[in-house]
Amino acid sequence: MSGARPREEGDPPIRRGLLGLAGWLALAFAAAAIGGIASANAGDFYAQLVRPAWAPPGWLFAPVWTLLYLTMGVAAWLVWREAGFRGARAALTLFVIQLAANALWTWLFFAWRLGGLAFAEVLLLWVLILATVVAFWRVRPLAGALMLPYLGWVSFACALTWATWRLNPGLLG
């Protein structure tokens with residue numbers, strides 16, 4: 001016998017893991033909330049915009065973003081669980097920076113109506129997400145894979161931001 005006792009429900013490592021998951025999800029959804037403040041009246045503004053024919057309907061954004069923030073939080077948690085803050089400092093720092101950039105885009109586009117800056121910022125966000133995907137993949141491939149739908153959606157958002165800005169010079173000057 002090794003002397004190790006079997007894990008029981010509620011052991012500190014399990015509790016720590018669940019608290020960690022809750023923390024990373026809270027951080028991801030905090031970024032969503034910050035962006036949500038800026039987009040409180042986005043529906044009305046979005047309806048006023050001339051959009052390309054391939055633009056999705058406004059109602060689609062909330063469910064897509066909810067799923068993406070959920071997968072982002074889980075991805076960060078997997079990296080944290082695998083390597084901790086010390087072992088994954090660069091990856092987790094990139095994650096936090098890209099979350100901040102994510103929230104900023106909503107302010108630039110919907111609150112401040114700065115289409116050109118929003119486009120430049122979404123390109124920066126795309127680069128930050130790609131760097132996060134690579135960094136996460138190195139620590140835990142599943143975490144990197146969980147970030148790929150987000151990268152895909154932001155790729156689409158880059159094109160949509162560009163097209164919408166160009167179609168609405170008066171509203172997104």
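**Figure 1. Nonpolar surface patch of L104, W112, L114 and L117 in the predicted model.** These residues form a nonpolar patch of about 370 Å² on the surface. One of them, L117, belongs to helix α5, which covers residues 115-139. Helix α4 spans residues 89-111.

**Figure 2. R113 in the loop between α4 and α5.** The loop that links α4 to α5 contains R113. The phi angle of R113 is near 55°, which is a positive value in a residue other than glycine. R113 has a relative accessibility of 34%. R113 is therefore classed as partly exposed, because that class takes in values between the buried limit of under 20% and the exposed limit of over 50%.

**Figure 3. The largest pocket and the residues around its centre.** The volume of the largest pocket is about 620 Å³. Its lining comprises 29 residues, and those nearest the centre are F61, W65, W105, T106 and F110. Two or more lining residues come from each of α1 (12-38), α2 (42-48), α3 (61-87), α4 (89-111), α5 and α6 (141-167). Helix α6 makes the greatest contribution to the lining, with seven residues.

**Figure 4. Chemical character of the lining of the largest pocket.** Of the lining residues, 19 are nonpolar and ten are polar. No charged residue takes part in the lining.

**Figure 5. A131 in helix α5, shown with Q98.** A131 is placed in helix α5. The relative accessible area of A131 is 28%. A131 therefore counts as partly exposed, because this value is neither under 20%, as for a buried residue, nor over 50%, as for an exposed one. A131 and Q98 are separated by 33 residues in sequence. In space, the C-alpha to C-alpha distance between A131 and Q98 is 9.3 Å.

**Figure 6. The whole chain, as context for the close-up views.** The chain has six helices and zero strands. Along the sequence, the order of elements is α-α-α-α-α-α. Taken along the principal axes, the C-alpha atoms fill a box of roughly 75 × 25 × 25 Å. The chain has 173 residues, and 40% of them are buried.

Note on methods. Residues numbered from 1 in each chain as written. Predicted model: local features only at pLDDT ≥ 70, side-chain atom pairs only at ≥ 80, totals over all residues. Heavy atoms only, no water. Patch = residues over 30% accessible without salt bridge, like charges linked within 9 Å, V, L, I, M, F, W, Y side chains within 5 Å. Areas by Shrake-Rupley, 256 points an atom, 1.4 Å probe, with all protein chains shown as cover. Salt bridge = Lys/Arg side-chain N within 4 Å of Asp/Glu carboxyl O. Helix = DSSP H or I, 4+ residues; strand = E, 2+ residues; numbered from the N terminus. 1 Å grid on protein atoms, 1.4 Å probe; cavity = no way out; pocket = protein on both sides within 12 Å on 5 of 7 lines; lining within 4 Å. Points joined across faces, edges and corners; volume = space filled by probe spheres on them. Nonpolar A, V, L, I, M, F, W, Y, C, P; charged D, E, K, R; others polar. Buried < 20%, exposed > 50% of the residue type's maximum accessible area, 1.4 Å probe, protein only.
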